[in-house]
Amino acid sequence: MHVSWSVTREARRAAGLTDGALRVGLLTGAHHALVSRLNAILAEEAPDVRAQLIAGDTSHQLGLLERGELDIAILRAPVLLSADNEQLELQRDELGVLMAASHPLAARERLSCPDLSDQELIWFPRDLNPGFCDATLEALERGGARVTIGTGAMEVPSIAAALPLMPGAISLSTARMAELFPELAWRPLVGSPITVTIAAVWRKPTRQPALRALIRGLGRSLRDGPWREAG
């Protein structure tokens with residue numbers, strides 16, 4: 001029998017219990033549309049519960065989750081999870097090539113992985129998200145790209161700021177980054193061979209009513225497939 005959140009909430013109130021905040025680990029740099037969608041689902045499913053957003057990279061979020069300092073984490077997949085965790089894919093987006101507008105490859109409308117061979121790839125430190133980092137580089141290699149990883153690893157916002165000063169270097173991102181930085185160019189890769197996946201991860205068993213309500217709401221929102229960054 002399904003018990004609604006409102007009934008559960010009233011029962012907790014009658015017992016003198018409060019639900020407080022739901023501790024949500026949010027990936028640093030997450031698009032505002034993702035945050036808005038999470039807030040809308042939580043407002044509908046658990047209207048008396050506020051989200052306490054805690055920003056950080058994927059490795060940081062997983063550490064907080066394992067220590068019981070988060071109720072749910074929104075992070076980049078793939079990640080290596082213990083048997084005590086569950087995950088739900090929320091969003092999947094295409095990664096393309098981000099570079100200075102003056103880069104020679106920016107003259108082309110589309111690129112292939114072999115076009116990236118011998119390019120310097122500016123990438124983020126592996127320890128921030130080993131699973132996603134390794135999977136992305138393996139996808140590039142399978143596609144025929146033989147890139148050189150730049151020695152100056154940096155986080156995504158810093159990469160976008162640095163690329164105009166590095167006209168011979170490239171990075172990987174969604175198209176949104178070029179919209180935010182007009183001095184950069186973004187070009188898709190033929191066949192969209194590389195994607196970035198955003199997933200929700202939580203520990204089981206899930207006893208907290210607000211968390212169960214949020215997970216149900218997330219599941220219903222995905223009936224037509226994963227979200228896209230634009231929406």
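This is a short walk through one protein structure, from its largest pocket to its backbone details. Keep in mind that the model is predicted.

Let's start with the pocket. The largest one has a volume of about 590 Å³. Its lining counts 34 residues, and those closest to the centre are L27, T28, G29, R76 and V156. Which elements give two or more residues to that lining? They are β4 (85-94), α5 (156-162), β8 (169-173), α6 (176-180) and β10 (195-203). Helix α5 provides the largest share, with 4 residues. What about chemistry? By class, the lining of the largest pocket splits into 19 nonpolar, 9 polar and 6 charged residues. As a general point, rolling a probe the size of a water molecule over the atoms shows where empty space is left.

Next, the sheet. It is open, it has 5 strands, and its pairing is mixed. Read the strand order as β7-β6-β8-β5-β9. Which strands sit at the edges? Those are β7 (148-149) and β9, each pairing on one side only. Now look inside the sheet, at β5 and β8. These two run antiparallel, joined by 4 bridges. For a landmark there, find M99, which stands opposite I170 in β8. Strand β8 has come up before: it is one of the elements that give two or more residues to the pocket lining.

On to helix α7. It covers residues 209-221, so 13 residues by the DSSP run. From first C-alpha to last, α7 reaches 18 Å, close to the 18 Å expected at 1.5 Å a residue. Which of its residues are buried? The list is P209, A210, L211, A213, L214, I215, G217 and L218. Here is the background for reading that list. An α-helix has 3.6 residues a turn, so residues three or four places apart point the same way. Keep that in view when you turn the helix on screen.

Now the cysteines. How many disulfides does the structure hold? The count is 0. For reference, a disulfide is a covalent bond between the sulfur atoms of two cysteines. Two cysteines are worth locating. C113 has a relative accessible area of 6%, so it counts as buried. C133 is buried too, because its relative accessible area is 4%, and the cut-off for buried is under 20%.

Then the peptide bonds. Two cis bonds to check, each leading into a proline. A77 and P78 are joined by a cis peptide bond, with omega about 10 degrees. P78 belongs to the loop between β3 (72-77) and β4. The other cis bond joins K204 and P205, and there omega is about 0 degrees. Where is P205? In the loop between β10 and α7.

Last, positive phi. Two residues to flag, neither of them a glycine. D118 has a phi of about 70 degrees. Its place is in the loop between β5 (96-100) and β6 (120-121). Is D118 buried or exposed? Its relative accessible area is 71%, so D118 is exposed. S192 has a phi of about 45 degrees. You will find S192 in the loop between β9 (184-187) and β10. At 32% relative accessibility, S192 is partly exposed.

To recap for anyone loading the model: begin at the pocket of about 590 Å³. Move to the sheet with the order β7-β6-β8-β5-β9. Then inspect the cis bonds at A77-P78 and K204-P205. Finish with D118 and S192, both with positive phi.

Terms used. Residues numbered from 1 in each chain as written. Predicted model: local features only at pLDDT ≥ 70, side-chain atom pairs only at ≥ 80, totals over all residues. Heavy atoms only, no water. 1 Å grid on protein atoms, 1.4 Å probe; cavity = no way out; pocket = protein on both sides within 12 Å on 5 of 7 lines; lining within 4 Å. Points joined across faces, edges and corners; volume = space filled by probe spheres on them. Nonpolar A, V, L, I, M, F, W, Y, C, P; charged D, E, K, R; others polar. Disulfide = S-S within 2.5 Å. Buried < 20%, exposed > 50% of the residue type's maximum accessible area, 1.4 Å probe, protein only. Expected span 1.5 Å × (residues − 1). Pairing = 2+ DSSP bridges.
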